[in-house]
Amino acid sequence: MTIREMKEALDAKFLYGEELADLDAQFVFSADMMSDVLAYCGKCSVLITGLCNPQVVRTAEMLDIVCIIFVRGKLPDENMLALARGKSIAVLATDHYMFTTCGILYEHGLRGGA
Amino acid sequence: MSEQLTFTYTIDGDDFTRAGEASSSVKNKLKMLGVSSDAIRKVAIAMYEGEINMVIHAEGGTISVSVSDDAVTMVLADRGPGIPDIDKAMQEGYSTAREDVRSLGFGAGMGLPNMKRFTDEMQIDTVIGEGTTITMKVYL
Ligand SMILES: Nc1ncnc2c1ncn2[C@@H]1O[C@H](COP(=O)(O)OP(=O)(O)OP(=O)(O)O)[C@@H](O)[C@H]1O
Ligand SMILES: [Mg+2]
């Protein structure tokens, strides 16, 4: 599924990275605790989270995540978006809750990594 | 690269938003040196966990990273409170992090076990009241 397709399925908006919209992903990880992400993300290249601070982008960077999806209408600040831009990590925001976000992407064929 | 390269960083213990800058810099440097992406990932995860720990548990410190032909060696030294019981601290889920740290997405008690999991060697030297030095190696 491409980032663009995820955006559409989730009624999400691009906060950064429309130019990355054609990147394809198969495996997704979701968590609010960054150490859990670091431990278990494995081959996942998309991160769904309800946590919103610069360490989310840093964590994504360490793991070569290509897209972060913020749920529950969380909006990263300019500092976070600048970090994401610097690392070419696409950022989507959706109003759906975590469970619904995961469910929609699962229905579209995306899977967890481990 | 036949000679050893060393990078050193000072970690500011008061600035959570900047934590991870050193790990990010090391990740870029290793990429430029042509280190395998598998090894870079291990170094990045282990160093980032250690860097975060220095900020949330130990008021900052210094990190030095050296790269030789056969390994990346990270030495993280702080002047924090020390770790009273290393065996306990190494257990998954054990954390003394305060609630405000948890609300920032850390304090799951996974950092030290992650550092162990993603490195080939890890040693913790700690003195209560004086500080902690963690040395980690990832083989190339
Ligand atoms: N540099 C340090 N100085 C003093 N104490 C430390 C240091 N690093 C870790 N500790 C202690 O060891 C415990 C376990 O560390 P660990 O990194 O595994 O978990 P955490 O930092 O609490 O949570 P997480 O890493 O999941 O965000 C910490 O809660 C803290 O008590
Ligand atoms: Mg930790």
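## Who lines the site

Let's start with the company ligand 1 keeps in this predicted model. Its shell divides into eleven nonpolar residues, ten polar ones and two charged ones. That makes 23 residues surrounding ligand 1. The closest of them are His57(B), Ser95(B), Thr96(B), Gly107(B) and Met110(B).

Which chains do the surrounding residues come from? Chains A and B both take part, so the site around ligand 1 is shared between chains.

## Helices in the shell

Two helices of chain B, H2 (37–58) and H5 (111–117), each give at least two residues to the shell around ligand 1. Which element supplies the largest share? That's H2(B), with five residues of the shell.

## Polar partners

Now for the polar atoms facing the ligand's oxygens. Thr96(B) uses its side chain here: one of its polar side-chain atoms is 2.5 Å from an oxygen atom of ligand 1.

Two glycines take part through their backbones instead. In Gly107(B), a polar backbone atom lies 2.6 Å from an oxygen atom of ligand 1. For Gly109(B), a polar backbone atom and an oxygen atom of ligand 1 are 2.9 Å apart.

## Buried or exposed?

So how much of ligand 1 does the protein bury? On its own, ligand 1 exposes 590 Å², and the protein buries 96% of that.

And where does ligand 1 sit? You'll find ligand 1 in the largest pocket.

Terms used: Residues are numbered from 1 along each chain as its sequence is written. Chains are lettered from A and ligands numbered from 1 in the order in which they are written. This is a predicted model: local features need pLDDT of at least 70, side-chain atom pairs count only at pLDDT 80 or more; totals for chains, interfaces and linings use all residues. Side-chain values use heavy atoms; hydrogens and water are left out. A residue is near a molecule or strand if one of its heavy atoms lies within 4 Å of it. A polar contact is a pair of N or O atoms within 3.5 Å; within protein, one must be able to donate a hydrogen and the other to accept it, and residues adjacent in sequence count only if both atoms are side-chain atoms. Accessible areas come from the Shrake-Rupley method with a 1.4 Å probe; for residues, only the protein chains shown count as cover. On a 1 Å grid over the protein atoms alone, a cavity is a set of points where a 1.4 Å probe fits but cannot get out, and a pocket is an open set with protein on both sides within 12 Å along at least five of seven lines; lining residues have an atom within 4 Å of a point. A molecule sits in a cavity or pocket if more than half of its atoms lie within 2 Å of its grid points. Helices (H or I, at least four residues) and strands (E, at least two) are DSSP runs, numbered from the N terminus. Ala, Val, Leu, Ile, Met, Phe, Trp, Tyr, Cys and Pro count as nonpolar, Asp, Glu, Lys and Arg as charged, and the others, Gly among them, as polar.
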